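Student: I have a model open in front of me and would like to talk it through with you. Could you take my questions as they come?

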Number of protein chains: 2
Amino acid sequence: MEFKEAKQKFISTWGSLGTLWGINKAMAQIHALLFIAPEPLSMEEIMEELEISRGNASMNLRGLIDWGIVYKVTKPGERKEFFASEKDVNELARQIAKERSRREIEPTIKVLKEISSIESNGSAANEEFIKQTKAMHELTENANALLGRIVSTEQNWVTKTIIKLFK
Amino acid sequence: MEFKEAKQKFISTWGSLGTLWGINKAMAQIHALLFIAPEPLSMEEIMEELEISRGNASMNLRGLIDWGIVYKVTKPGERKEFFASEKDVNELARQIAKERSRREIEPTIKVLKEISSIESNGSAANEEFIKQTKAMHELTENANALLGRIVSTEQNWVTKTIIKLFK
DNA sequence: TTAAACTTTCAATAATTATTGAAAATATGT
DNA sequence: ACATATTTTCAATAATTATTGAAAGTTTAA
């Protein structure tokens with residue numbers, strides 16, 4: 001395979017993957033591009049390479065910065081801004097896990113806690129509701145704690161976790 | 001909070017959550033409804049409760065069956081089909097993790113392996129590409145193995161895993 | 001074998017979400 | 001302070017995705 005083809009494939013794979021960790025296609029593609037770039041890129045360069053508009057680039061870069069996985073970089077003597085991705089895959093994974101937990105899992109836990117605490121009126125529908133949402137609440141809290149635990153480990157968390165688990 | 005309100009809240013929370021584990025709103029809402037129902041529901045009942053069309057209900061129920069988390073149930077003496085959710089949260093989580101691994105993670109690993117194996121031509125762009133995609137390949141493989149390991153444990157996998165990890 | 005009960009399919013349409021582009025805002029060098 | 005380079009915002013529009021509903025298909029009971 002040619003480098004150009006491989007690069008294209010990486011960007012598009014990342015793009016469709018992105019939609020499933022909660023970010024849109026353009027955002028994921030920008031991230032992919034920065035992740036494999038040896039040097040920070042300007043907005044102009046990103047627009048050109050991905051064939052997207054200025055507005056689109058601007059908004060999605062902001063999104064990536066909010067996720068904490070892309071940084072603004074200034075080059076001495078240059079007026080415009082440059083952008084760089086977090087390059088360390090472990091740090092990247094940790095950051096994404098942290099944000100997803102904060103944005104999605106924790107609010108869900110709050111709702112589950114609230115709704116599973118209603119008073120039962122004794123009906124089957126009511127009893128089942130309480131039982132099931134309580135179980136889901138518990139599972140989600142445990143999964144979130146597990147995620148936090150795995151991801152807070154300093155370096156190479158996945159590898160280390162696997163080693164521990166196989167003991 | 002009233003039961004009715006709590007139920008509504010559960011269905012809508014699950015609905016928006018759904019979009020992030022890769023299934024659409026209607027599908028997630030149908031699942032939520034079945035998950036808290038004390039008895040299997042008919043397609044008619046699902047349509048009514050969620051105010052969706054017959055076609056929509058039919059297609060999304062099929063989707064849920066493909067995910068392996070909803071089953072068809074026949075009641076003796078009844079002509080129509082009924083539907084029931086997997087009720088055990090651990091089994092539910094296991095099934096979802098298994099499917100996501102198969103549908104999303106494994107194909108990604110394949111692509112990463114392929115593109116990270118290109119020959120370097122010595123350019124900085126090329127070297128960086130290979131280095132970064134190799135690192136990503138490794139991380140994804142490890143994360144997938146970890147997921148498989150956690151989820152293959154018989155019962156209460158999250159709890160058990162946490163206990164192990166805190167040792 | 002027929003008719004009624006029920007389910008699936010899919011083209012048309014509605015709803016949602018992403019993208020553009022140009023005007024407004026902001027930052028920088030002289 | 002000004003002119004210019006650069007970035008941001010956001011209403012309009014395009015692209016995508018979900019939903020409907022009615023026709024076609026299937027199953028079952030008699």
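Tutor: We can go through one chain, then the DNA strands, then a single residue, keeping in mind that this is a predicted model.

Student: What does chain A come to in secondary structure?

Tutor: Chain A has seven helices and three strands, and when it is read along the sequence these elements follow the pattern α-α-β-α-α-β-β-α-α-α.

Student: And what is its radius of gyration, next to that of a compact globule?

Tutor: The radius of gyration of chain A is 21 Å, whereas a compact globule of 167 residues would have one near 15 Å. Along the principal axes, the C-alpha atoms of chain A fill a box of roughly 70 × 45 × 35 Å.

Student: How much of chain A is buried, and how much area does it expose?

Tutor: Buried residues account for 49% of the 167 residues in chain A, while the exposed area is about 8,700 Å², of which carbon and sulfur atoms supply 52%. As for contacts in chain A between residues at least 6 apart in sequence, 54% of them join residues at least 24 apart.

Student: Switching to the DNA, which residues come nearest to strand C?

Tutor: There are 19 residues around DNA strand C, and the ones that come nearest are A:Ser53, A:Arg79, B:Ser58, B:Arg62 and B:Arg79. Of the atoms of DNA strand C that come within 4 Å of the protein, 65% belong to sugar and phosphate.

Student: Which atoms of strand C do those residues reach?

Tutor: For A:Ser53, a backbone N or O atom lies 2.7 Å from a phosphate oxygen of DNA strand C, and a polar backbone atom of B:Glu81 is 3.1 Å from a phosphate oxygen of that strand. With B:Arg79, in contrast, an N or O atom in the side chain is 2.9 Å from a base nitrogen of DNA strand C.

Student: Which element gives the most to that surface?

Tutor: That is α4(B), with five residues, although α4 (54-67) of chain A and α4 (54-67) of chain B each supply at least two. By class, the surface near DNA strand C has eight charged, six polar and five nonpolar residues.

Student: OK, now strand D. What is closest there?

Tutor: DNA strand D is surrounded by 19 residues, and the closest are A:Ser58, A:Arg62, A:Arg79, B:Ser53 and B:Asn56. Here sugar and phosphate make up 63% of the strand's atoms that come within 4 Å of the protein.

Student: Where do the arginines sit against the bases of strand D?

Tutor: A polar side-chain atom of A:Arg79 lies 2.5 Å from a base oxygen of DNA strand D, and a side-chain N or O atom of B:Arg79 is 3.2 Å from a base oxygen of DNA strand D. On the backbone side, a polar backbone atom of B:Ser53 is 2.7 Å from a phosphate oxygen of DNA strand D. The largest share of the surface near this strand, five residues, comes from α4(A).

Student: One last thing: is B:Glu86 buried or exposed?

Tutor: B:Glu86 counts as buried because its relative accessibility is 13%, which is under the 20% cut-off. B:Glu86 is placed in the loop between β3 (81-85) and α5 (89-115) of chain B.

Student: What does it touch?

Tutor: Leaving aside residues up to four places away in sequence, B:Glu86 touches B:Phe35, B:Ile69, B:Tyr71, B:Glu91 and B:Leu92. With B:Tyr71 there is also a polar contact of 2.6 Å between the two side chains.

How values were computed. Residues are numbered from 1 along each chain as its sequence is written. Chains are lettered from A and ligands numbered from 1 in the order in which they are written. This is a predicted model: local features need pLDDT of at least 70, side-chain atom pairs count only at pLDDT 80 or more; totals for chains, interfaces and linings use all residues. Side-chain values use heavy atoms; hydrogens and water are left out. A residue is near a molecule or strand if one of its heavy atoms lies within 4 Å of it. A polar contact is a pair of N or O atoms within 3.5 Å; within protein, one must be able to donate a hydrogen and the other to accept it, and residues adjacent in sequence count only if both atoms are side-chain atoms. Helices (H or I, at least four residues) and strands (E, at least two) are DSSP runs, numbered from the N terminus. Ala, Val, Leu, Ile, Met, Phe, Trp, Tyr, Cys and Pro count as nonpolar, Asp, Glu, Lys and Arg as charged, and the others, Gly among them, as polar. The radius of gyration is taken over C-alpha atoms; the globule rule is 2.2 Å times the number of residues to the power 0.38. Buried means under 20% relative accessible area, exposed over 50%, partly exposed in between (1.4 Å probe, protein chains only). Contact means heavy atoms within 4.5 Å. Accessible areas come from the Shrake-Rupley method with a 1.4 Å probe; for residues, only the protein chains shown count as cover.
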